[in-house]
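Grab a viewer and work through these exercises at your own pace. Try each one before reading its solution.

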Amino acid sequence: MALLTALHMASVFGILGNIVSFMVFLAPVPTFYKIYKKKSTQGFQAIPYSVALFSAVLLLYYAFLKKSNGLMIITINSIGCAIEATYLTLFIIYATKESKIYTTKLLLLFNVGACGFIMLGTSLFSKGDARISVVGWICAVFSVCTFVAPLSIMKLVIKTKSVEYMPFALSFFLTLCAVMWFFYGFLIHDYFIATPNILGFTFGVAQMVLYLIYNKKTQALPETKVLDLTIAMEMKVEFKEKQNGEDKAILDLSAIILEIEELNEKQNGEDKGNKPIEPSESNV
């Protein structure tokens, strides 16, 4: 009875893991909609999608080698391969010539070469349970590397005190995904699946904590003081006069900045001199 209960629970977590993972796979859809609308990759990189495709193919290979309990892994990673391949196809269509060449080389070396080497090597030099263990270890190590990747984003959040590049929703769903797959792996005694997701859960929680801390502390950019319209007009006239005096000469940017700062300081001095006395500052 306990065995049936464990298998039922594993099926529930496997289905939930498929649903959450599917939502994570769809996260880049808005990005690729922008690429499609603008007919340009707009500086985006293909590396994350190439890595995701590599991971899905590797897990798919591992699931096919398993003698049992591989269905949940096969379903989601088959869908993942199709989605990531679609992303990469769109990327190559709308990328620049240089980016197309780089992406093609990346796919050939990483997704075709590395995956082919792993599959061929494990087929030739290992058999049966030994092959499953070797591929399982490769999947686990790669999963750990994938989960460690957000450390750079976390460092950026701490340095800039801004959560602009770490959306809470994505961190939440990645954490939820790690929880589902941990319990699935734990219940079917597949620790190559369960163990890396402990790290995924840990980093996911850390990202959400950072978001809650720095979302409140995120400071808006300091407001640029707008110069009085008459002063701006005078500067514009002076700029044109200097340009007319010199044959297409380009003024030094630092000199213009210093001039603006001096005018701002003068305005600040005038503002302080004309500042009304607040009740808290009075001697009453």
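**Exercise 1. A lysine and its partner**

Does Lys 66 count as buried or exposed, judged by its relative accessibility? Then find what its side chain meets.

*Solution.* One note before starting: this is a predicted model.

Step 1. Lys 66 has 17% relative accessibility. The cut-off for buried is under 20%, so Lys 66 counts as buried.

Step 2. Now look for the partner. The side chain of Lys 66 meets that of Asp 190 in a salt bridge, at 2.9 Å from N to O.

Step 3. Place both ends on the chain. Lys 66 sits in the loop between α3 and α4 (71–94), while Asp 190 sits in the loop between α8 and α9. The pair links distant parts of the chain, 124 residues apart.

Step 4. Check the acid too: Asp 190 comes out at 4% relative accessibility, so Asp 190 counts as buried.

**Exercise 2. The other salt bridge**

How many salt bridges are there by the distance rule? Work out where the one formed by Asp 129 goes.

*Solution.* 

Step 1. The count comes to two salt bridges.

Step 2. Asp 129 forms its salt bridge with Lys 67, and the closest N and O atoms are 3.3 Å apart.

Step 3. Asp 129 belongs to helix α6 and Lys 67 to the loop between α3 and α4, so this pair ties together parts 62 residues apart in sequence.

Step 4. Compute the exposure. Asp 129 is partly exposed at 49% relative accessibility, and Lys 67 is exposed at 70%.

**Exercise 3. Checking a helix span**

What span do you expect for helix α6 at 1.5 Å a residue, and what does the model give? List its buried residues as well.

*Solution.* 

Step 1. Helix α6 covers residues 128–148, which gives 21 residues.

Step 2. The rule is 1.5 Å times one less than the number of residues. For α6, the expected value is 30 Å.

Step 3. From first C-alpha to last, α6 reaches 31 Å, close to that expectation.

Step 4. Its buried residues are Ile 132, Val 135, Gly 136, Cys 139, Ala 140, Phe 142 and Ser 143.

**Exercise 4. Classifying a ring pair**

What kind of aromatic pair do Tyr 62 and Phe 192 make?

*Solution.* 

Step 1. Recall what you need: a pair of aromatic rings is described by the distance of the centres and the angle of the planes.

Step 2. The model has 15 aromatic pairs by the centre-distance rule. For Tyr 62 and Phe 192, the centres are 6.3 Å apart and the planes sit at 85 degrees, so the pair is edge-to-face.

Step 3. Tyr 62 lies in helix α3 (residues 47–65) and Phe 192 in helix α9 (residues 191–217), so the contact ties together parts 130 residues apart in sequence.

Step 4. Tyr 62 is buried, with a relative accessible area of 2%, whereas Phe 192 is partly exposed at 22%.

Step 5. For an extra look at rings, find Phe 13, Phe 182, Phe 183 and Phe 186: ring pairs link them into a cluster.

**Exercise 5. Backbone oddities**

Which sign does phi take at Lys 39? Do the same for Lys 161, asking what value its phi is near.

*Solution.* 

Step 1. Start from the background: most residues other than glycine have a negative phi.

Step 2. Lys 39 has a positive phi of about 55 degrees although it is not a glycine. Lys 161 has a positive phi as well, near 55 degrees.

Step 3. Locate them. Lys 39 is in the loop between α2 (29–38) and α3, and Lys 161 is in the loop between α7 (151–160) and α8 (168–187).

Step 4. Lys 39 is partly exposed at 47% relative accessibility, and Lys 161 is partly exposed at 46%.

Step 5. Lys 39 also lies over the face of Tyr 36, at 4.1 Å from the ring centre.

**Exercise 6. A greasy patch**

Which residues make the nonpolar surface patch of about 410 Å²?

*Solution.* 

Step 1. The patch is made by Val 12, Ile 15, Leu 16, Ile 19 and Met 23.

Step 2. Pick one of them: Ile 19 lies in helix α1 (residues 2–25) and is partly exposed at 44% relative accessibility.

Key: Residues are numbered from 1 along each chain as its sequence is written. This is a predicted model: local features need pLDDT of at least 70, side-chain atom pairs count only at pLDDT 80 or more; totals for chains, interfaces and linings use all residues. Side-chain values use heavy atoms; hydrogens and water are left out. Helices (H or I, at least four residues) and strands (E, at least two) are DSSP runs, numbered from the N terminus. Buried means under 20% relative accessible area, exposed over 50%, partly exposed in between (1.4 Å probe, protein chains only). Patches are made of residues with over 30% relative accessible area and no salt bridge: like charges are joined within 9 Å, nonpolar side chains (Val, Leu, Ile, Met, Phe, Trp, Tyr) within 5 Å. Accessible areas come from the Shrake-Rupley method with a 1.4 Å probe; for residues, only the protein chains shown count as cover. A salt bridge is a side-chain nitrogen of Lys or Arg within 4 Å of a carboxyl oxygen of Asp or Glu. Rings of Phe, Tyr and Trp (its six-membered ring) pair if their centres lie within 6.5 Å; planes under 30 degrees apart count as stacked, over 60 as edge-to-face and the rest as tilted. A charge sits over a ring if NZ of Lys or CZ of Arg is within 6 Å of the ring centre and within 35 degrees of the ring normal.
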